[in-house]
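Thanks for asking me to look this one over. My notes are below as numbered points, to be read with the structure open beside them.

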Amino acid sequence: MFFAKSKKLGALVAAAMLAASAIWLGGCGSKQAQQQHGTQVKVMQVIQQDTPIYSEYAGQIVGKDQVKVQSKVSGNVVEKYVEGGDFVEAGQPLYRIDSRQYESAVLAAQATLAQTQATLNNAETDLARDQQLYASNAVSEQVVTTQQANVQSYQALADAHAAQLRKAQQDLADTTIYAPMTGQLGVDDVAIGTFATAGNTSLVTIGTSDPVFAQFSLSETEYLKQLNRQSTEMGQPRVTITLADGTVYPAEGVIVQADRALKDKTGTLTIKALFPNPQNILLPGMFARVRISGEVIPNAILVPQRAVQQLLGKSFVMVVGEDGKSAAKNVELGDKVGSYYVVKSGLDAGDNVIVEGLSSLKEGMDLLITQVTPEDMGFSLTPDDSKFNDSDISPAEPSNN
């Protein structure tokens, strides 16, 4: 009986010891697992290199010269020599207005002038006769004076009728409408039979295609910044454009026009840059990103934008500390350059910043590090133009990229 109870007590003690050992081992294993794993993050070393700064703005292609072709005389369009979209040369005929009434007007003006001219000739003949008679005292001076007045009156009337004839002839000539310049016609051309009202009806639009303007707007702040940059640099800034599909136009442009004042509603200044367009790639109405070159910052420190966090108006990044744990560094940011910020202060060239795994990361946490490159993360020093679309065009203040 005694031995039975002893065996049972021994079994209970052994079980208790085994449970305590399992708890102790389990706790040690948990601590070891935390030490071995830590927080998984992706880390990239900051970049240090000479970095050009670009300013980028939403813009639109507009024609350098564009006019609406209108008739100087009224009438029905009876002939059309071109079609919408055609390229035409300056002086090329485009339309003809019904000319019958203008032909009649010329004939009537000619007849009136001829009649007036005949009356003037008779008056001049009478004046010559009266002057001879006056020389022989056959008529009084009053007769000669009166006849001279008649000649002057008929001469004035003949001049007026000659002017009317010239006007009628000009109206007749204006029944044929010519291209005012070399360019491409729009597709807003009217059809034969349209009644054109002088100086009111637009028959077709014509515009030049080479060169063209890229028009964009600067905020007051951006204008002052560009002005300051140009005052410290030599020569004109480089101007390039990127089209809606991400294609960079191969030719550079030059800024040639700036508005005289900011727009009241938007507070922006309209700028035009001139681009050659020999292949007619650029069409008026196209949207484009206009990029203006700025200063080059030597040995600039660059940090990915996704690594930067904001708290209470301050910017900071998480880095890998000397002990291998996470640490925060306050940074002063400069311009944006593609996927990066230029860092004015707060980071060194050898710092490794955390670019992924930041959502629950705090200072002093153990890290499980995966070293990555800019290529691995898809970072670039140039903007991602493939994401450009028409909705990006707005009068809002542009960002520096």
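1. A definition to start with: two strands count as paired if DSSP finds at least two bridges between them. With that in hand, look at strands β4 and β6, which pair in the antiparallel sense over three bridges. Within this pairing, Glu79 stands opposite Arg96 in β6. Please keep in mind throughout that this is a predicted model.

2. The overall picture comes next. The protein has 21 strands and five helices. Of its 401 residues, 33% are buried. The exposed area is about 23,300 Å², and carbon and sulfur atoms supply 52% of that area. Among contacts with a separation of 6 or more, 77% are between residues 24 or more positions apart.

3. Back to the sheet that holds β4 and β6. Which order do its strands take? The order is β7-β6-β4-β9, an open sheet of four strands with antiparallel pairing. Its edge strands are β7 (176–178) and β9 (195–196), each of which pairs on one side only. Strand β6 (residues 93–97) is joined to β7 by three bridges, and the two run antiparallel; here Tyr95 stands opposite Ile177 in β7. On the other flank, strand β4 (residues 75–80) pairs with β9 over two bridges, again in the antiparallel sense. Gly75 has Ala196 as its bridge partner in β9.

4. Another open sheet deserves a look. Four strands form it in the order β3-β10-β8-β5, with antiparallel pairing. The edges are β3 (66–70) and β5 (87–88), and each of these pairs on one side only. Five bridges link β3 and strand β10 (residues 202–207) in the antiparallel sense. To find the register on screen, start from Val67, which stands opposite Ile206 in β10.

5. A check on helix geometry: how far apart are the end C-alpha atoms of helix α3 (residues 141–173)? They are 48 Å apart, and this agrees with the 48 Å that its 33 residues should span at 1.5 Å a residue. The buried residues of α3 are Val144, Gln147, Val151, Ala158, His161, Ala162, Leu165, Ala168 and Asp171. Helix α2 (100–135) is included in what covers these buried residues.

6. On to the aromatic side chains, where the count comes to three pairs. One of them is formed by Tyr57 and Phe216: the ring centres are 5.5 Å apart and the planes lie at 20°, so the pair is stacked, the cut-off for stacking being planes under 30 degrees apart. Tyr57 lies in strand β2 (residues 47–63) and Phe216 in strand β11 (residues 212–219), so the pair ties together parts that are 159 residues apart in sequence. Are these two residues buried or exposed? Tyr57 counts as buried because its relative accessibility is 1%, and Phe216 counts as buried at 2%.

7. Tyr340 and Phe379 form an aromatic pair of the edge-to-face kind, with 5.9 Å centre to centre and 75° between the planes. Tyr340 lies in strand β19 (residues 340–345), whereas Phe379 lies in the segment after α5 (374–377), so this pair ties together parts that are 39 residues apart in sequence. Tyr340 is buried, with a relative accessible area of 1%. Phe379 also counts as buried, at 14% relative accessibility, since the cut-off for buried is under 20%.

8. A polar side chain in strand β2 is worth a stop as well: Glu56 lies in this strand. Glu56 is buried, with a relative accessible area of 3%. What joins the side chains of Glu56 and Arg291? A polar contact of 2.8 Å does.

9. One last spot to visit is Val254, in strand β13 (residues 254–258). Val254 counts as partly exposed, at 34% relative accessibility. Along the chain, Val254 and Pro237 are 17 residues apart, and their C-alpha atoms are separated by 7.7 Å.

Technical notes: Residues numbered from 1 in each chain as written. Predicted model: local features only at pLDDT ≥ 70, side-chain atom pairs only at ≥ 80, totals over all residues. Heavy atoms only, no water. Buried < 20%, exposed > 50% of the residue type's maximum accessible area, 1.4 Å probe, protein only. Contact = heavy atoms within 4.5 Å. Areas by Shrake-Rupley, 256 points an atom, 1.4 Å probe, with all protein chains shown as cover. Phe/Tyr/Trp six-rings, centres within 6.5 Å; stacked < 30°, edge-to-face > 60°. Expected span 1.5 Å × (residues − 1). Polar contact = N/O pair within 3.5 Å; in protein donor to acceptor, adjacent residues only side chain to side chain.
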